Amino acid sequence: MTISVNGEPREIADGTTLDAVVATLTRAPKGVAAALNETVVPRGQWPHTPVDEGDRIEILTAVQGG
């Protein structure tokens, strides 16, 4: 199925969860946030949040600097 990740189309398998999508972009243990269809999903819910055809996911990683 096709979804959008940070504005780019991606093909994923049926039954994929949000944690699996996030893992394709970053392995950072902290400082990562994910939103599904413009709603922030708490990190603890990622493994239990299914992703469906046409969903829009935004993944943000905090960076330090100034």
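How many positive and negative side chains does the chain have, and how far apart do the centres of the two sets lie?

1. Charge. The predicted model carries 5 positive and 9 negative side chains. A distance of 13 Å separates the centres of the two sets.

2. Secondary structure. The chain contains one helix and five strands. Read from the N terminus, the order of these elements is β-β-α-β-β-β. The radius of gyration is 12 Å, close to the 11 Å given by the globule rule for 66 residues, so the chain is as compact as a globular protein of that length.

3. Dimensions and surface. The C-alpha trace extends over about 40 × 25 × 20 Å along its principal axes. The exposed area of the chain is about 4400 Å², of which carbon and sulfur atoms supply 54%.

4. Burial and contacts. Among the 66 residues, 30% count as buried. Of the contacts with a separation of 6 or more, 52% are between residues 24 or more positions apart.

5. Leu36. This residue belongs to strand β3, which covers residues 32–36. Its relative accessible area is 13%; the threshold for burial is under 20%, and Leu36 is therefore buried.

6. Surroundings of Leu36. With residues up to four places away in sequence left out, Leu36 touches Val41, Thr49, Pro50, Asp55, Arg56 and Ile57. For one of these partners, Asp55, the C-alpha separation from Leu36 is 7.0 Å, although the two residues stand 19 residues apart along the chain.

Methods
Residues are numbered from 1 along each chain as its sequence is written. This is a predicted model: local features need pLDDT of at least 70, side-chain atom pairs count only at pLDDT 80 or more; totals for chains, interfaces and linings use all residues. Side-chain values use heavy atoms; hydrogens and water are left out. Helices (H or I, at least four residues) and strands (E, at least two) are DSSP runs, numbered from the N terminus. The radius of gyration is taken over C-alpha atoms; the globule rule is 2.2 Å times the number of residues to the power 0.38. Buried means under 20% relative accessible area, exposed over 50%, partly exposed in between (1.4 Å probe, protein chains only). Contact means heavy atoms within 4.5 Å. Accessible areas come from the Shrake-Rupley method with a 1.4 Å probe; for residues, only the protein chains shown count as cover. Lys and Arg count as positive and Asp and Glu as negative; His and the chain ends are not counted. The place of a charge is taken as NZ of Lys, CZ of Arg, CG of Asp or CD of Glu.
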